Amino acid sequence: MAEKVLMKGNEAIAEAAILAGCRHYFGYPITPQTEVAAYMAKRMPKIGGVFLQAESEIAAINMVYGVSSAGLRCMTSSSSPGISLKSEGISYLAGCDLPALIVNVQRGGPGLGGIQPSQADYFQATRGGGHGDYHLIVLAPSSVQEMADLTMDGFDLADTYRMPTMILADGTMGQMMEPVLLTERTKKEIEKPWALTGTGKKRKHNIVTSLSLVPEELEKQNFARYERYRLVEENETRYEEFMMEDAEICVVAFGVASRVSRNAIIAAREMGIKAGMIRPITLWPFPKKALRQATEKVRAFISVELSMGQMIEDVQLATQCRRPVTLCNRAGGMIPDPEQILAAIENTSEKMGGVLV
Amino acid sequence: MIVFQKPKTLTDAPFHYCPGCTHGIIHRLVAEALEELDIEGEAIGVAPVGCAVFAYNYFTCDMVEAAHGRAPAVATGIKRARPDKVVFTYQGDGDLASIGMAETVHAATRNENISVIFVNNAIYGMTGGQMAPTSLPGQVTQTSPYGRDVKTAGYPIKVCEMLSALDAPAYIERVAVNSVKNVKNAKRAILKAFENQMQNKGFSLIEVISACPTNWGMTPGEALNWIEEKMIPYYPLGVYKDQTKEEKP
Ligand SMILES: Cc1ncc(C[n+]2csc(CCOP(=O)(O)OP(=O)(O)O)c2C)c(N)n1
Ligand code: SF4
């Protein structure tokens, strides 16, 4: 029987990737994700895999593009400034319908910013980041166990839907140590007849490209890709509810913000305030339906974020402004504490006319 | 006159290149190498962003189109994923020596076991004739309308000279395709770049001095003369590095 081991979030991602069959890792050092690279540097040579420290994040993502076009599982990891550099490459992956796993262990920005945890790359991750019409599947872990599980799922999702998938973690998730259970799963085997394997003179050549100079054709490809995205929205949206059965105030939070929110909600309940939480696990696709449904019972929403307020726009869109949505946030590498969130819940409760029985 | 029999490693798609453009000749030389070494079924090519972007339609082997300048990184990924395949890039001078310089230098210094075909036509062809990192001093282009002023735009980059200063790369040679003699020599060099890879020698780069009559504002004949009179003196032909005979640790 497999046993739980104590691991850092970043290391859990690395080991989970290996368990998922990833044998090609390309990265460039940046805090707070460097442990992923360090772990891969140690492990890959021992299992016949490839660890390569690229000359830049741009090169790393293009190496990923190469391995993926050759049909193998591969990944890169970085933190915010590095993800900006990878964005052109991510757009190319999307434009060629290539699967890959990209990890962003976010830090405060903009610019060089800082090295403390942040969630300010939410827009970049969920709105594209690179150019053109495309989406990534964006997974937001809130524990070390989820860092591992979502990494494994991420590879399967990427292969299934032929699209790049991102783990959007924050510095806390990366650095935090927790017991984690790592079990090998049967790798989802997905045929890749489009991959570059050499024709062996047995088939017509495969071409991987995102170029299409005929607008009618390019439009068609975009529509087809969005049809696939619709399937992802239908089948792969994930979230977790916490104390939502009778909640009148709904906190929406992911990653480290959801962990802190949990404590605040428990404290609010002790005060007789019916608070609960919807924790999006997929940020794209966003759990729109769940939030929309929640508006039937919930009277107000609070978006708790480590940013100046990005996910709040999705909360407003999903709830179609049927209920007030307020922001409870810290930025620049700061994390809201339970007291701040509890105050936001109390404040909202008062505005609604106090404790309801 | 240079007469070619079309190698079987080229598709039937007609080249989109301008009359007198030597991209076509270089494509044929690459295709002949693939045919003569019988590696069509093993080869995976990486097309650039530049006039040769559609190279993926012309070669019968598997092909991928890379972002501008990133072909050596993409080729690195492919080769690391499939070490038994023969991986090559085909890149212009803007692609390889400007936006993609870092990828070029680092693939070379890793002695990545790939073959790079580098087409130096001293101009950005695809975007309509802007100054390239390889445009000659004084050369008039759309973005150097008074001629390349080395005081503000710097000097051309000599890729072979630069890369041969590195310890790692296996083979670096500069050739041209402006005469029958030079084409024959270019063919030998390109063949060698592929053979080196098949023998696990490492990184081979063949710089091919090429003509862009359209954006040079010349007839095809004038363009071939300009290569002889202006480009080759600045970019001397020859082998710049050959470590293929040495056993590297
Ligand atoms: C990131 C990016 N920047 C700029 C361009 C526009 N662009 C397309 S081709 C090209 C220059 C190509 O010149 P070169 O590499 O010399 O090849 P040639 O066309 O001369 O064969 C440029 C700048 C692009 N496609 N992508
Ligand atoms: S623009 Fe120049 S390089 Fe491009 S196809 Fe025409 S002649 Fe060749």
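## Ligand 2

In this predicted model, the largest contribution to the shell around ligand 2 comes from helix α9 of chain B, residues 213–216, which supplies 3 residues. The shell consists of Tyr17(B), Cys18(B), Cys21(B), His23(B), Cys51(B), Asn121(B), Gly125(B), Cys212(B), Pro213(B), Thr214(B) and Asn215(B). Sorted by class, 6 of these residues are nonpolar and 5 are polar, and none is charged.

## Ligand 1

Ligand 1 is placed between chains A and B. It has 17 residues around it, and the closest are Cys51(B), Asp93(B), Asp95(B), Gly125(B) and Met126(B). Helix α4 of chain B, residues 93–99, gives the most to this shell, with 4 residues. The shell comprises 6 nonpolar, 8 polar and 3 charged residues. Cys51(B) and Gly125(B) are listed around ligand 2 and also among the closest residues to ligand 1.

Polar contacts to oxygen atoms of ligand 1 involve both backbone and side-chain atoms. A polar backbone atom of Cys51(B) is 2.8 Å from an oxygen atom of the ligand, and a backbone N or O atom of Gly125(B) is 2.8 Å from an oxygen atom of ligand 1. For Asp93(B), an N or O atom in the side chain is 2.5 Å from a ligand oxygen atom. On its own, ligand 1 has 590 Å² of accessible area, of which the protein covers 77%.

## The five-stranded sheet of chain A

Chain A contains an open sheet of 5 strands with mixed pairing, in the order β10-β12-β11-β14-β15. Its edges are formed by β10 (239–242) and β15 (325–329); each has a single partner strand, so one side of each has no neighbour in the sheet. Neighbouring strands are turned by 20° against each other on average, direction ignored.

The edge strand β10(A) runs antiparallel to β12(A), residues 275–280, and 4 bridges join the two. Within this pair, Phe242(A) has Met277(A) as its bridge partner. Helix α9 of chain A, residues 255–270, packs on the sheet and touches β10, β11 (249–252), β12 and β14 (300–305). The direction of this helix makes about 165° with that of β12(A). Met243(A) lies in the loop between β10 and β11 of chain A, and its phi is near 55°, a positive value in a residue other than glycine.

## The seven-stranded sheet of chain A

Another open sheet in chain A has 7 strands, ordered β3-β2-β4-β5-β7-β6-β13, again with mixed pairing. The edge strands are β3 (50–53) and β13; each pairs with a single strand, so one side of each is left without a neighbour in the sheet. From one strand to the next, the twist averages 20°.

At one edge, β13(A) pairs with β6(A), residues 137–139, in the antiparallel sense over 2 bridges. Here Trp284(A) of β13(A) stands opposite Val138(A). Helix α3 of chain A, residues 57–69, lies across β2 (24–27), β3, β4 (75–78) and β5. It runs at about 160° to β2(A).

## Cis peptide bonds

The peptide bond from Trp284(A) to Pro285(A) is cis, with omega near -5°. Pro285(A) belongs to the loop between β13 (282–284) and α10 (288–294) of chain A. A cis peptide bond also joins Gly109(A) and Pro110(A), where omega is about 0°. Pro110(A) sits in the loop between β5 (100–106) and α5 (122–126) of chain A.

Technical notes
Residues are numbered from 1 along each chain as its sequence is written. Chains are lettered from A and ligands numbered from 1 in the order in which they are written. This is a predicted model: local features need pLDDT of at least 70, side-chain atom pairs count only at pLDDT 80 or more; totals for chains, interfaces and linings use all residues. Side-chain values use heavy atoms; hydrogens and water are left out. Two strands pair if DSSP finds at least two bridges between them. Axes are lines fitted to C-alpha atoms, for helices over the stretch in contact, and angles run from 0 to 180 degrees between N-to-C directions. Contact means heavy atoms within 4.5 Å. A residue is near a molecule or strand if one of its heavy atoms lies within 4 Å of it. A polar contact is a pair of N or O atoms within 3.5 Å; within protein, one must be able to donate a hydrogen and the other to accept it, and residues adjacent in sequence count only if both atoms are side-chain atoms. Accessible areas come from the Shrake-Rupley method with a 1.4 Å probe; for residues, only the protein chains shown count as cover. Ala, Val, Leu, Ile, Met, Phe, Trp, Tyr, Cys and Pro count as nonpolar, Asp, Glu, Lys and Arg as charged, and the others, Gly among them, as polar.
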